[in-house]
Structures are given as C-alpha cells and as structure tokens.
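Student: Please take a close look at one part of this model. Start from a single residue and work outwards. Give me the cut-offs as you go.

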Amino acid sequence: MSVQKSHALKRFEPILLIAVGGFVGAILRSAVSDALPGAFPWGTLAVNVTGSFALGVLLYEAHLADMLAPETRLVVGTGFLSSFTTYSTFAVQTSQLSPMVAVLNIGANYVLGFLAVLLGRRIVGGVVS
C-alpha cells in the first residue's frame with residue numbers, strides 16, 4: 001500500500017467509526033421506540049435518559065481514567081450515543097402533544113436526562129476513586 005493511500009485511509013477512519021456507531025445507535029433507538037408505543041413518547045424518553053446516563057459514564061470515565069481510546073470515543077460517544085438519543089424526534093413529538101402533556105414531556109426529558117448524566121458520573125467516580 002502506498003504512503004499516499006495509507007494516509008487517505010487514515011483520514012477516512014474517524015468518519016467510518018462515527019458512521020458505524022451512528023448506524024447501530026439509530027437502529028437500536030428505533031427498536032426501543034417501537035417496543036414502547038403509546039400516546040406518550042415513552043420510547044424517546046427512554047433513549048434520551050439511558051443515552052444521557054451512558055454518555056455521563058463514558059465522558060467521566062474518559063476524564064478520570066483516561067482509558068478510552070480516541071476511536072472508542074468516536075464510535076460510542078459521537079456515533080452510537082448521538083444517534084441513539086434524539087433531540088429532533090423529541091421536539092417533533094412534543095409539538096404534537098397537548099400543552100400540558102408537552103410540558104410534562106419537556107420536563108421529563110431534561111430533568112431525567114440531566115439526573116442520568118449525574119448518576120453516570122457518580123457511579124464512575126465511585127469506581128475510579
């Protein structure tokens with residue numbers, strides 16, 4: 001393999017890692033949403049909260065232990081978790097709810113998502129310390 005071809009593949013690697021993680025995250029998000037049907041968007045709430053927890057664990061682990069390879073951060077953090085969680089679907093679904101339920105949905109997504117990040121950080125902090 002020529003040096004120029006090797007350099008081109010190396011430049012393409014981050015895009016491929018993000019694409020693979022994003023593909024898997026989007027499929028899993030769709031499966032969770034399909035498994036939790038109903039008048040309230042439970043599936044979107046579930047992926048946003050669990051994804052926030054996982055991102056809190058991942059980023060805190062990377063910060064404290066510095067054990068995650070840059071490739072792992074790209075596949076799991078940027079690719080998988082960014083596609084697994086969804087702000088756009090959350091916004092569309094919220095706009096279709098009655099005003100009272102929309103406020104409940106907004107509060108649940110933001111409060112539970114934020115608490116999930118803190119829980120993830122706390123768990124990792126306890127393990128690493």
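Tutor: Asn109 sits in helix H5. Helices here are DSSP runs of H or I with at least four residues, strands are runs of E with at least two, and both are numbered from the N terminus. The model is predicted: local features need pLDDT of at least 70, side-chain atom pairs count only at pLDDT 80 or more, and totals for chains, interfaces and linings use all residues. Residues are numbered from 1 along each chain as its sequence is written, and side-chain values use heavy atoms, with hydrogens and water left out.

Back to Asn109. Its relative accessible area is 7%, which makes the residue buried. The classes are these: buried is under 20% relative accessible area, exposed is over 50%, and partly exposed is in between, using a 1.4 Å probe and protein chains only. Setting aside neighbours within four places in sequence, Asn109 is in contact with Thr44, Leu45, Asn48 and Phe90. Contact means heavy atoms within 4.5 Å.

Two of those partners lead to the pocket. Asn48 and Phe90 line the largest pocket, and Asn109 does too. The other lining residues are Ser52, Thr85, Thr86, Tyr87, Tyr110, Gly113 and Phe114. The volume of this pocket is about 190 Å³. How is such a space found? Rolling a probe the size of a water molecule over the atoms shows where empty space is left. The search uses a 1 Å grid over the protein atoms alone. A cavity is a set of points where a 1.4 Å probe fits but cannot get out; a pocket is an open set with protein on both sides within 12 Å along at least five of seven lines. Lining residues have an atom within 4 Å of a point. Grid points are joined across faces, edges and corners, and the volume is the space filled by probe spheres set on the points.

Which elements give two or more residues to the lining? They are helix H2 (42-64), helix H4 (87-95) and helix H5 (99-128). H5 gives the most, with four residues. By class, the lining holds four nonpolar, six polar and no charged residues. Nonpolar covers Ala, Val, Leu, Ile, Met, Phe, Trp, Tyr, Cys and Pro; charged covers Asp, Glu, Lys and Arg; the others, Gly among them, are polar.

Gly113 is another lining residue. It belongs to helix H5. Is Gly113 buried or exposed? It is buried, at 6% relative accessible area. Beyond residues up to four places away in sequence, Gly113 touches Val49, Ser52 and Ala108. Ser52 is part of the lining as well. A longer link along the chain also shows up. Gly113 and Ala46 are 67 residues apart in sequence, yet their C-alpha atoms are separated by 9.4 Å.

Thr85 brings a loop into the lining. It lies between H3 and H4. At 23% relative accessibility, Thr85 is partly exposed. Where does it meet the rest of the chain? Its contacts outside four places in sequence are Arg29, Val47, Asn48, Gly51 and Ser52. The C-alpha atoms of Thr85 and Asn48 are 4.8 Å apart, with their positions 37 residues apart in sequence. Asn48 thus recurs: it is in contact with Asn109 and with Thr85.

Now the confidence. The chain has a mean pLDDT of 90, and 95% of its residues reach 70 or more. That score is the predictor's confidence in each residue, from 0 to 100. Among the elements, H4 has the highest mean, 94, and H1 the lowest, 89.

One last item sits in H1. The whole structure has one salt bridge, meaning a side-chain nitrogen of Lys or Arg within 4 Å of a carboxyl oxygen of Asp or Glu. Lys10 pairs with Glu13, the closest N and O atoms being 3.6 Å apart. The two are three residues apart in helix H1 (residues 3-35), so about one helical turn separates them. Lys10 is exposed, at 51%. Glu13 is partly exposed, at 28%.
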